[in-house]
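I sat down with the two-chain file today and jotted what I looked up. Notes follow in the order I took them.

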Amino acid sequence: MADLSTDCAGIKSPNPFWLASAPPTNSGEQVMRAFEYGWGGAVWKTLGQDPPVINVTSRYGSLDIGGQKAAGFNNIELITDRPLEDNLREIYQVKKRFPKNAVVASLMVPCERQAWHDIVAKVIDAGSDGIELNFGCPHGMSERGMGSAVGQVPEYVQMVTEFVKEKSTIPVLVKLTPNVADVRYPARAAKAGGADGVSLINTINSIVGIDLETLKPKFSVGGKLAHGGYCGPAVKPIALNMVSQIANDPQTQGLPISGIGGISTWADAVEFMLLGSSSVQLCTAVMHYGFRIIEELTAGLEDWMEARGFAKISEFVGRSAPSIVEWKQLNLHHKTVARIDRDRCIGCDLCYVACNDTAHQCIVLPKAKGKAARKPIVIEEDCVGCNLCSIVCPVDGCITMTEIATGLEPLTWEQHVKGGRYSDVYRRMHGQPSTAKRPGKSLSNAA
Amino acid sequence: MPASDSRRDFEKRFQELHPALRPEEAAVEANRCLYCYDAPCVRACPTHIDVPRFIKQIASGNLSGSAKTILEANAFGHSCARACPVEVLCEGACVYHDWQERPISIAALQRRATDFLQAQGRSPFAPGPDAGFKVAVVGAGPAGLSCAAYLRRLGYGVTVFDREKTPGGLNTFGIAQYKMSKEVSLDEIERILKLGIELKLGVEIGKDLPAARLLSDFDAIFLGVGLGATKALGVKGEALDGVWDALSFIRHVKDRDLKPLGQSECTVVIGAGNTAIDAVTQSKRAGARRVVMAYRRGEADMGAYGFEYALAKSDGAQFLWNAAPVEVLGRRRVEGVAFEKTAVRGGKVVSLPRSRFTVACDRVIKAIGQSKLAGLAGELGLRLAADGRIAVEARTLRTSQPRIFAGGDSVNGGKEVVNAAADGKRAAYGIHLALRPGAPVPAGNEYWVSTIDGRRVAPIPQKELIHG
């Protein structure tokens, strides 16, 4: 049986699935119930200084797409609005009852050394297994100089991380905001400040929508709305990119990552782990369906690991990260073309119109009678292998992108600019006679 | 039985076979639609409604826009959402069939959109600028009113004549109650009339008003006169009490006037077309204990659609194949029908010797098709096809008389509401081309004109819309 236990930056948990710091971890009662269901860890709803914040009513908004509720999710809720003492007492109770599950205290106080020292001491006393510095929350608290206001300034990230590390005896994760131009800079700053790991992504600045009847925001506080934090399935690709950037950055390579952002299923979680996350955090999917989803998260992960022959999580964490490279390292001589399985084709012609109107005009409709006239044909010589037709095709396995051997040596842009013969590659890939005799070879030699 | 009870009882017995979708159901169904390019469902619709477009409009919450798309292509879209045999038209063409999946419920979605618009009680279209011509439309059925609607949008003055006191023809009186009530048809017609159409009811051309007057008072005439009376069996006893023709029988149901129909222990329906099926299912709902459908040919030859036949079977009807009626029995009232067994030899039905048998019954409904209505066409001197239908030029529906156009059952021999509606649209454009050759199609009419000869897959260049 596969071992699902994990160690993320020194924080151990029986499985890699943690509840993210958010409404699901607002109280000890909730966290205990989640652990009973089988969650591996919980990052407590962010703790701050007393007196607690006051939250507004009307806090969440949803982006529904094609009948899918909460494909994207948006919130303007602040950190915990419960007294610090209540939360500390409940952390203690949870750890007493669930010693093996990870309880991570998410913290957010002003950028003052003493403030951080005080709260760090308190959460360690309460029995937390780790600390997560909330440098990510993009709404409300950022206006008060906390949350993403810190995360957007690498110098602050490093400084506060140093404050915390001065005091902390337990692992420290820095939660990063995606609301930056390049997430590698704050990640490097966290590492420089001594962070044991990073967690990402926090939510993205967002307005969920405007109601066309009232002309007011789709959800509002008495007709007005501040920008919120965007999350849910729709943000996953953004999060995967940022996770891979940190995993591959020579300066942060090996820094433990807790992956967050649009994870709904075990498969989503595996993707984050393959790009370098040793634990994952979920919120939107839990808020949509409840704690019970953990049953399929762990079962699905276990089945997949057994099918693939992985005994431990660490065996595949980061396995796919090396496949993410810079564009200039991609092979310009790689060629795929679309092939349509005529037996599977149902004749919706979505591939035809997509290719013809918006891609490269290489799918045609045959001049035939009846249903045969609706089964499109790919002109392989013209196909650029863009994938669009296979994306819009509703039938699984109907359009396959098939690799075509070009007989040419691999050639990247990086290698190529050294040779300085871009026009040759263009001609070769577009079926025009080349000026060089064996350009692939000569160019690779040149490189 | 108190009136409210009897009304409730009627509604229960004749309740809709396909009730309206709830908004949530409609949203889920609309999102299933693949939005096919040059979609087969559009081609399968005689009026070429842009089905994927109206469905995506529902999905995006634009119900009135969706209804407008539907009614743009088919003035009777509200009725067709209920009356159409979609199993053999749009839904039958859905690509989901090739995927072994349930097709999109196009009719139900269409109804969702048009119900929404009808509830608002307004027409999405305005009459066109005055074209300076007057057109007479004979027959206020779906062909005539469809023609009238599109003519008004092109700016023609239109007067519609109908011999009945209620408009709509078979759309109002001939569609089985569980598919569509009379009110739906009348609501639809009310919307169409808002375009400014003069409606003269209770006027029979050739009787109350000479046909020649139409030719002198109007610039063009459209005949949407439908078919004549239900054909006679031509056997003894046909005039007995309790012998009905299917259309009168259905009309009584539609009028909620069941009393004259009386009670029936056993009803024999003669015929095997879709109207015969309607007679069977309506009889069952009207309370007949036993219904026998008799047809002189075999099951394989029946004219009714498979899904209609299935409905009659699920209603518990009995079927008598290869049985030709030879006499309706009884002294004053019907007491039974005498049949002879038949066989089909060389394509012809022949009675078998000494095969006479009797089915006891107290009601007979004849549903063996309607005769052609030749009177008016003859009076106007129109050329008829060999089978009695009015002969027309296919693209414009122009008859042998240049100022007279015709469509619907009188031309196609008896088809669906949607075919009549499509004919009305085509004839309206035909009349426009005849009365104003070379005149451009007025703004706002490009879309429906482009759907006459087929699907609309790409914007049609303006020059092609202007016929010289």
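Before counting anything I fixed what a contact is: two residues are in contact if their C-beta atoms, placed from the backbone, lie within 7 Å. I also reminded myself that this is a predicted model.

**Chain A, overall.** I started with contacts that are 6 or more positions apart in chain A, and 72% of them turn out to join residues 24 or more positions apart. I then looked up burial, and 46% of the 447 residues of chain A count as buried. For secondary structure I got 15 helices and 18 strands in chain A. The C-alpha trace of chain A spans about 75 × 55 × 50 Å along its principal axes.

**Chain A, the barrel.** How many strands make up the closed barrel in chain A? I found eight, running 3-4-7-8-9-10-13-14 with parallel pairing. On average, neighbouring strands of this sheet are turned by 25° against each other, ignoring direction. I zoomed in on one pair: strand 7 (residues 102-107) and strand 8 (residues 130-134) of chain A run parallel and share four bridges. Within that region, A:Leu107 has A:Leu133 of strand 8 as its bridge partner. Next I checked what sits on the sheet, and helix 7 (residues 236-248) of chain A packs there, touching strands 10, 13 and 14 of chain A. The direction of helix 7 makes about 165° with that of strand 13 of chain A.

**Chain B, overall.** Chain B has 20 helices and 14 strands. Its radius of gyration is 23 Å, close to the 23 Å the globule rule gives for 468 residues, so chain B is as compact as a globular protein of that length. Along the principal axes, I read about 70 × 55 × 55 Å for the C-alpha trace of chain B. Buried residues come to 49% of chain B.

**Cores.** I pulled up the largest nonpolar core, which has 162 residues. B:Val51, B:Val135, B:Leu151 and B:Phe222 are among those with the most contacts inside it. Helix 18 (residues 417-435) of chain B gives this core its largest share, nine residues. I picked B:Val135 for a closer look, and the residues it touches include B:Leu151, B:Tyr156, B:Phe222 and B:Ile431. Another core, of 90 residues, lies apart from the largest one, with A:Ala20, A:Ala126, A:Val157 and A:Met273 among its members.

**Where the chains meet.** Last check: ten residues of chain B are in contact with eleven of chain A. On the chain B side I sorted them by class and got seven nonpolar, one polar and two charged residues.

Technical notes
Residues numbered from 1 in each chain as written. Chains lettered and ligands numbered in written order. Predicted model: local features only at pLDDT ≥ 70, side-chain atom pairs only at ≥ 80, totals over all residues. Helix = DSSP H or I, 4+ residues; strand = E, 2+ residues; numbered from the N terminus. Rg over C-alpha atoms; globule rule 2.2 N^0.38 Å. Buried ≥ 20, exposed ≤ 12 C-beta atoms within 10 Å, placed from the backbone. Core = buried A, V, L, I, M, F, W, Y, C linked by C-beta atoms within 7 Å. Nonpolar A, V, L, I, M, F, W, Y, C, P; charged D, E, K, R; others polar. Pairing = 2+ DSSP bridges. Axes fitted to C-alpha atoms, helices over the stretch in contact; angles between N-to-C directions. Lists of a residue's contacts leave out its neighbours within four places in sequence.
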